[in-house]
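The following exercises practise the reading of a protein model. Each task is followed by a solution that goes step by step.

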Amino acid sequence: MKYFALLLMSIGLLASCSSPAVQPSYEENKKMFIDALQTEDGKKAIRTLLTDPQFKDLLVLDSEQVKTSVEQTMLSKEAEDFWKKVYSDPKFSETMAKSMVKQQEELMKALMKDPTYLKDLETFFGSAEMKKELSKVLESSDMRKEMQKVVEETIQSPLLQSKWQKLVEEAGGKTEKSGGGGASSSEEDKKKQEAK
């Protein structure tokens, strides 16, 4: 009986050695790997790896190398052609402009607090050439039409109509007070003339 069991084991070993090993597919490997990572041991191994100083050194990129790579990529002829093509699309330009509104607002606020920038702005608008150009623009018929349109819209604005009305009423009340005696005397003169 012992010999029979030994013979069966030998046949089993020979059969397993002779048959080719079946390799798991990519999907099976991927599933096993993900399952292994989600276990406590897998998470612990990742945490250990991330705290390892040698591994951290591998992750840190040389800033000078990155800078050089970016400059070479962004300033190349291919990149220039690419950005020209991309910005020629109105939809992309609009999306980019909308995405940068907040940054532009913050930049303008910061610049308005910067004394050097304000001084440069004053110098620019105070130059004789700029004054000449501005006067041309302001005196143009198109600009006058636009200003007239803005004034009309402002006057007709529902937000300002109540203020206009209040100002008119206040102005009317002041004239009545200042010329009140004169108005009543002229009415009395009319009544006297009618009585005659």
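**Exercise 1.** Determine how helices α2 and α3 are oriented to each other, and describe their contact.

*Solution.* The model is a predicted one. Step one: helix α2 spans residues 26-38 and helix α3 spans residues 40-51. Their axes come within 4 Å and cross at roughly 80°. Step two: angles of 65 to 115 degrees count as roughly perpendicular, and α2 and α3 are therefore roughly perpendicular to each other. Step three: on the side of α2, the contact is made by Ala36, Leu37 and Gln38, and on the side of α3 by Glu40, Gly42, Lys43 and Ile46. Step four: these contact residues divide into three nonpolar, two polar and two charged.

**Exercise 2.** Apply the procedure to α6 and α7: what is their orientation, and which residues make the contact?

*Solution.* Step one: the axes of α6 and helix α7 (residues 90-99) come within 6 Å, with a crossing angle of roughly 95°. Step two: α6 and α7 are therefore roughly perpendicular to each other. Step three: α6 contributes Trp83, Val86 and Tyr87 to the contact, while α7 contributes Phe92, Ser93 and Met96. Step four: five of the residues of this contact are nonpolar, one is polar and none is charged.

**Exercise 3.** Describe the contact of α10 with α11.

*Solution.* Step one: helix α10 covers residues 128-139 and helix α11 covers residues 141-155. Their axes come within 5 Å and cross at roughly 60°. Step two: Val137, Leu138 and Glu139 of α10 meet Ser141, Met143 and Arg144 of α11. Step three: the contact comprises three nonpolar, one polar and two charged residues.

**Exercise 4.** Classify the aromatic pairs that involve tyrosine 87 with tryptophan 83 and with phenylalanine 92.

*Solution.* Step one: a pair of aromatic rings is described by the distance of the centres and the angle of the planes. Ring centres must lie within 6.5 Å, and by this rule the count is four aromatic pairs. Step two: tryptophan 83 and tyrosine 87 lie 6.2 Å apart, centre to centre, with 45° between the planes, and this pair is tilted. The two residues are four apart in helix α6 (residues 77-87), so about one helical turn separates tryptophan 83 from tyrosine 87. Step three: the ring centres of tyrosine 87 and phenylalanine 92 are 5.3 Å apart and the planes stand at 80°, so this pair is edge-to-face. Step four: Phe82, Trp83, Tyr87 and Phe92 form one aromatic cluster.

**Exercise 5.** Are tryptophan 83, tyrosine 87 and phenylalanine 92 buried, partly exposed or exposed?

*Solution.* Step one: buried means under 20% relative accessible area and exposed over 50%. Step two: the relative accessibility is 32% for tryptophan 83, 40% for tyrosine 87 and 26% for phenylalanine 92. Step three: tryptophan 83 counts as partly exposed, as does tyrosine 87, and phenylalanine 92 is also partly exposed. For the protein as a whole, 3% of the 196 residues count as buried.

**Exercise 6.** State how many helices and strands the protein has, and which elements have the lowest and the highest mean pLDDT.

*Solution.* Step one: the protein has 13 helices and zero strands. Step two: its mean pLDDT is 76, and 75% of its residues reach 70 or more. Step three: helix α1 (residues 2-18) has the lowest mean pLDDT among the elements, 51, and helix α8 (residues 101-112) has the highest, 89. Step four: residues 1-5 have a pLDDT below 50, and this stretch has zero contacts in the model beyond near neighbours in sequence.

Conventions: Residues are numbered from 1 along each chain as its sequence is written. This is a predicted model: local features need pLDDT of at least 70, side-chain atom pairs count only at pLDDT 80 or more; totals for chains, interfaces and linings use all residues. Side-chain values use heavy atoms; hydrogens and water are left out. Rings of Phe, Tyr and Trp (its six-membered ring) pair if their centres lie within 6.5 Å; planes under 30 degrees apart count as stacked, over 60 as edge-to-face and the rest as tilted. Buried means under 20% relative accessible area, exposed over 50%, partly exposed in between (1.4 Å probe, protein chains only). pLDDT is the predictor's confidence in each residue, from 0 to 100. Contact means heavy atoms within 4.5 Å. Axes are lines fitted to C-alpha atoms, for helices over the stretch in contact, and angles run from 0 to 180 degrees between N-to-C directions. Angles under 35 degrees count as roughly parallel, over 145 as roughly antiparallel, 65 to 115 as roughly perpendicular and the rest as oblique. Ala, Val, Leu, Ile, Met, Phe, Trp, Tyr, Cys and Pro count as nonpolar, Asp, Glu, Lys and Arg as charged, and the others, Gly among them, as polar.
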